[in-house]
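Q: Please take a close look at a single part of the model shown below. I should like a connected account of that part and of its surroundings.

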Amino acid sequence: MAGLLALAIAAVFAGAAIYVSVAEQPARLRLNDRSLLQEWQPSYKRGAAMQASIAIVACVLGLVACWQTGGLAFLGGAVAIILPWPWTLVVMMPTNRVLEAMDPEAANPQARALIVRWGNLHLVRAALGVLATLSFLWGSHLP
């Protein structure tokens, strides 16, 4: 049961990350520089809280499934779904902090380049979510 729950929650994480990459990010990049930053700041704050908590739950469930079944695919999924945490903290955080510190009411041409960079870095989180989902799927179908 834990393995199937891990699979479902990892799929939610992956779906949300893919949505950001294929729908939200392209749409926000059509905005002017001021509006772009005004949209990114609250969106990032909400999305980070949501995806971080989803990753923790899926990781714990994946570890429980690994413990229950001995399936290393669940361990691989648990590792893959939690890797967005260090990726965000180590690689993305410098960009995030600059964007969060910007005044959303002031036009800042640097914001666009940073948000484009952020979107490219975010693709790694989406890929890790898909990898975790596939790993949990594999673990759920092994005898």
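A: Helices (H or I, at least four residues) and strands (E, at least two) are DSSP runs, numbered from the N terminus. The model is predicted, and for this reason local features need pLDDT of at least 70 and side-chain atom pairs pLDDT 80 or more, while totals for chains, interfaces and linings use all residues. Residues are numbered from 1 along each chain as its sequence is written, and side-chain values use heavy atoms, with hydrogens and water left out.

The part chosen here is helix α4, together with the surface patch to which α4 contributes. Its setting is a protein chain with five helices and zero strands, running α-α-α-α-α from the N terminus. The C-alpha trace of the chain spans about 55 × 25 × 20 Å along its principal axes.

Helix α4 covers residues 84-101. A straight helix of 18 residues would span 26 Å, the expected span being 1.5 Å times one less than the number of residues. The end C-alpha atoms of α4, however, are only 22 Å apart. The helix bends by about 70 degrees at M92, where the bend is the angle between axes fitted to the seven residues ending there and the seven starting there. A proline, P94, follows M92 within four residues.

M92 is also one of the buried residues of α4; the others are P84, T88, M93, T95, N96 and L99. Here buried means under 20% relative accessible area, exposed over 50%, and partly exposed in between (1.4 Å probe, protein chains only). The buried residues of α4 pack against α1 (2-28), α2 (33-69), α3 (72-82) and α5 (109-141). Across the chain of 143 residues, 42% count as buried. Of the contacts (heavy atoms within 4.5 Å) between residues at least 6 apart in sequence, 79% join residues at least 24 apart.

On the surface, W85, L89 and V90 join I56, V60, V64 and W67 in a nonpolar patch of about 720 Å². The elements that give two or more residues to this patch are α2 and α4, and α2 provides the largest share, four residues. Patches consist of residues with over 30% relative accessible area and no salt bridge; like charges are joined within 9 Å, and nonpolar side chains (Val, Leu, Ile, Met, Phe, Trp, Tyr) within 5 Å. V64, which is found in α2, is partly exposed at 31% relative accessible area. The protein chain as a whole exposes about 7,500 Å², of which carbon and sulfur atoms supply 72%; areas come from the Shrake-Rupley method with a 1.4 Å probe, and for residues only the protein chains shown count as cover.

Helix α2 also takes part in ion pairing. The structure holds three salt bridges, each a side-chain nitrogen of Lys or Arg within 4 Å of a carboxyl oxygen of Asp or Glu. R112 pairs with D33, with the closest N and O atoms 2.8 Å apart. R112 lies in α5 and D33 in α2, so this pair ties together parts that are 79 residues apart in sequence. R28 pairs with E39 at 2.5 Å between the closest N and O atoms. Since R28 belongs to α1 and E39 to α2, that bridge ties together parts 11 residues apart in sequence. R28 is buried at 3% relative accessibility, whereas E39 is partly exposed at 26%. E24 forms a salt bridge with R28, the closest N and O atoms being 2.6 Å apart, and E24, R28 and E39 are thereby linked in a network of salt bridges.
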